[in-house]
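Biologist: I would like to learn how to read a sheet, a helix packed on it, and a core. Please take one feature at a time.

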Amino acid sequence: MTFSYYPGCTLRTKAVELDRSARAAAAALGVTLEEIPEWQCCGGVYPMAKDEIATKLSSVRTLAAARDAGNDLVTVCSACHNVLKQVNNDMRSDDDISLRANNYLQLDQPYYGETKVIHYLELLRDVIGFDKIAANVTAPFTGKKIGAYYGCLLLRPGRVMQMDNPENPSIIEDFIRAIGGEPVVYSQRNECCGGYLTVEDPAVSAKRSGIVLQNAAEAGAELLVTACPLCLYNLNKNGAAGSVPVYYFTELLAQALGVETGGSLNGK
């Protein structure tokens, strides 16, 4: 199985473990991820202004490249997935945005939202199947109490993302079961960690992250998993000594499959 792959900027710098483990685990499961050539930054945040076109153009180029390759497009970073999925929806459903974007880009073939964008978690659930993943696990997280941290961007807006129920999701919990762990459900798992406020007002992100971590710990979680580099940064930065550590879900997947990546989780 071959898919086009968009890693995004952060996976080239602060989140190399997310990229490295995602690629290694995919290969172990028989999936080929073909990186989009000469991709550009998606912008990191979906622009809400209706007349904002320029910051969407790099996403349109990526989406068109996947279409031209004849592949579905796989993402793994929550922020990148959110931007690409929402821009794709714009190109499919908003005639004004698609007209102006195509007029600017002058692609060989205009783009109108033909690419299917799927998150790596959806690849695991809907394409490979959690049962098959479980059958390939060689180092299960037996007895480990693991909490899912969804954050804001992975599930919302629900009408566009369409990955899971944004108020009561289960995709990461089902993933945790597939690798042999015990999922811990806690109320703050799909609430904000403080996000980009960590740049302007660190106290806000510290407070929000602290609430998430305390809630997870009180529910019995020994560690948390996420798909968002900013969430992982905020939670690990603001966690008190001995609090619940946070890892990328792909790190746990690679370790469960017996794949050595040299990341932060291997050997722990």
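The turns below go through the sheet, a helix and the core.

Modeller: This is a predicted model, in which local features need pLDDT of at least 70, side-chain atom pairs count only at pLDDT 80 or more, and totals for chains, interfaces and linings use all residues. Residues are numbered from 1 along each chain as its sequence is written, and side-chain values use heavy atoms, with hydrogens and water left out.

Biologist: In what order do the four strands of the open sheet lie?

Modeller: Strands of a sheet pair through backbone hydrogen bonds, either parallel or antiparallel. Here the order is E6-E5-E7-E8, with parallel pairing. Strands (E, at least two residues) and helices (H or I, at least four) are DSSP runs, numbered from the N terminus; two strands pair if DSSP finds at least two bridges between them. The edge strands, E6 (182-184) and E8 (246-248), each pair on one side only.

Biologist: Which helix packs on the sheet, touching E7 and E8?

Modeller: Helix H11 (residues 229-238) does, and its direction makes about 160 degrees with that of E8. Contact means heavy atoms within 4.5 Å; axes are lines fitted to C-alpha atoms, for helices over the stretch in contact, and angles run from 0 to 180 degrees between N-to-C directions. The buried residues of H11 (under 20% relative accessible area, 1.4 Å probe, protein chains only) include Leu-230, Leu-232 and Leu-235.

Biologist: Which residues does Leu-253 touch?

Modeller: Not counting residues up to four places away in sequence, Leu-253 touches Ala-25, Tyr-120, Leu-124, Ile-133, Phe-175 and Ile-179.

Terms used
Buried means under 20% relative accessible area, exposed over 50%, partly exposed in between (1.4 Å probe, protein chains only).
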